[in-house]
Amino acid sequence: MRENSTQNNSPKNVGIWIRVSSEDQAKGESPAHHLERAKAYAAPRGWTVKEVYDLAGISGKSVKEHPEARRMMEDIKRRHITGIIFSKLARLARNTKELLEFSEFFREHQADLISLQDSIDTSTPSGRMFYTFQAAQAQWEREEIADRQKASILVRAKLGKTINGQAPFGYQWKDRKLVIQPDEAPIRRKMYELYLQYRRKGTVAKLLNAAGHRTKEGFLFHDITVTRMLNCPSAKGVYYFNRIRKTGPWAGEEKPEAEWGKVECEAIVPEETWDQVNRLMEEQVKNWKKPGKVPINPFGNRLWCRCGGKMYARTDSPKYHCRKCNRKIPVETFNELMRHELHQFYGSKEQVAVRLEDAQRNLTDTEQALTALQRQIQKVRDGMKQSHELLLDKLITPQGFSDLYNPAEQRLNQLLTELPKLEADLARMKIDQVSVEEVVHEARNLYEQWPKMDVERKRTIVEAIFEKVEIGEGKINITYSGLPSSEELCINQQRMAPAAC
């Protein structure tokens, strides 16, 4: 049997495991302090410290999959080190299963676990037994703390008090109320607009990142992030918290509704927009199909059958076809009918007035987005200036300055690239504020020029005007974008113009 390694002064290569909790750091127990203590323990025994495994601030609930833990285990396997020194069991891991797995792993590879505070050496039978008892105690303490936290969270949620200081994107906590965050709200609103345009969360994330926008924590947007923000009802004026219980690193389950907390707030988007976006996302999940490429004909992504199926026109077919119920309509007949409808729609002063109101609202939103973007640019510039001042005052190293300055500079360039685009959009919207009479005049030109336009131009016009065109038995049901009601037209396949119903 081997001698107790803590009493063996023979040469030995060891590693030092550092995992200092946030509470310990608040008490002044820094990672540097734990490192020096472990080195001081190893030196009199003639041990050589080969590696330091730094997990400062990492939760002890599960550490085996952490890169530093995997590196340590690889070093044990290749005999680079034959022991690991740590402050106490709770700092190695709090999960009994993982602690026992660590113990077995070290035993199999003839390496030692040395806990300074617990005086444990797993090379002896008594040490292994005591190690097991201590591991179970550490997990029990953790579960007791978790139970107390759960009870506190439930009470706070029922009282309408927040669980933590984190506000949803687009908002901030002020005087215990959820209020609009002016720099983030335009970005949150832009998410809904982009999703309605592209119907893809990944595309929305890419466009936001390319424009220089970041999450509240300063990270890049991803499709999962966008999905969570689009789903969150805070955008329409109500924020629920304490809804999800974590069941794993990337998994969770919804808690009973009785445990939820609720806070009302100012809406960022109309409730109708939020409902429309979430309805579309639910349909995508339900169908388990990703949206296909935009069809090459102008009405391809707006045309539906009354039975609920999508209608397509194959390149080798002269008809729009519903595969679900086999309904068909000639492409030329339908396109000419919709051309007349475009003319009639914009020939109405009342409808044009509605369009101009929408344009004014878009103009206001764009002005707010531009102001928010300018504030973001100034904020990034201020941060870059502070980093430069720290370097001049020699409070950070050149490498530290580079780590702070380079990402900020990259984001600034992205924001500056987006700035002229937004300014151009604003200028265009202001120029487009024309009178009803001018729009009516242009509608006549649209009717005349329609046959000469290419497919992409026609599709842009169709998507701006129509939300949905539904083909029924002898009738077409049209839903215009931004309008609550639909209009029905009769289909006359003999004459290529609207007929009286």
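R189 has its place in helix 7. Helices here are DSSP runs of H or I with at least four residues, strands are runs of E with at least two, and both are numbered from the N terminus. This is a predicted model: local features need pLDDT of at least 70, side-chain atom pairs count only at pLDDT 80 or more, and totals for chains, interfaces and linings use all residues. Residues are numbered from 1 along each chain as its sequence is written, and side-chain values use heavy atoms, with hydrogens and water left out.

**R189 and its surroundings**

- R189 counts as buried, because its relative accessibility is 15%. Buried means under 20% relative accessible area, exposed means over 50%, and partly exposed lies in between (1.4 Å probe, protein chains only).
- Setting aside neighbours within four places in sequence, R189 is in contact with I268, V269, D365 and Q368. Contact means heavy atoms within 4.5 Å.
- R189 and D365 are 176 residues apart along the chain, yet 8.8 Å separates their C-alpha atoms.

**Helix 7**

- Helix 7 covers residues 185-198, which is 14 residues. At 1.5 Å a residue it should span 20 Å, and its end C-alpha atoms are 20 Å apart, so the two values agree. The expected span is 1.5 Å times one less than the number of residues.
- Its buried residues are A185, P186, I187, R188, R189, M191, Y192, L194 and Y195.
- R199, just after helix 7, takes a positive phi of about 60 degrees.

**The whole chain**

- The chain holds 15 helices and 18 strands.
- It has 501 residues, and 41% of them count as buried.
- Take the contacts between residues at least 6 apart in sequence: 63% of them join residues at least 24 apart.
- About 29100 Å² of the chain is exposed, and carbon and sulfur atoms supply 51% of that area. Accessible areas come from the Shrake-Rupley method with a 1.4 Å probe; for residues, only the protein chains shown count as cover.

**A three-stranded sheet**

- Three strands form an open sheet in the order 13-14-15, with antiparallel pairing. Strand 13 (311-312) and strand 15 (328-330) stand at the edges with a single partner strand each, so one side of each has no neighbour in the sheet.
- Strand 14 (residues 319-322) runs antiparallel to strand 15, and three bridges join them. Two strands pair if DSSP finds at least two bridges between them.
- K319 stands opposite P330 in strand 15.

**Salt bridges**

- The whole structure has 13 salt bridges. Each is a side-chain nitrogen of Lys or Arg within 4 Å of a carboxyl oxygen of Asp or Glu.
- R327 bridges to E473, with the closest N and O atoms 3.5 Å apart. This pair links distant parts of the chain, 146 residues apart: R327 is in the loop between strand 14 and strand 15, and E473 is in the loop between strand 16 (466-471) and strand 17 (475-480). E473 counts as exposed, at 72% relative accessibility.
- E74 bridges to K77, with the closest N and O atoms 3.8 Å apart. The two are three residues apart in helix 3 (residues 67-77), so about one helical turn separates them. E74 is partly exposed at 45% relative accessibility, and K77 is partly exposed at 47%.
- E470 bridges to K468, with the closest N and O atoms 3.9 Å apart. E470 counts as buried at 16% relative accessibility, whereas K468 is partly exposed at 32%.
- E51, E68 and R71 are joined into one network by salt bridges that share partners.
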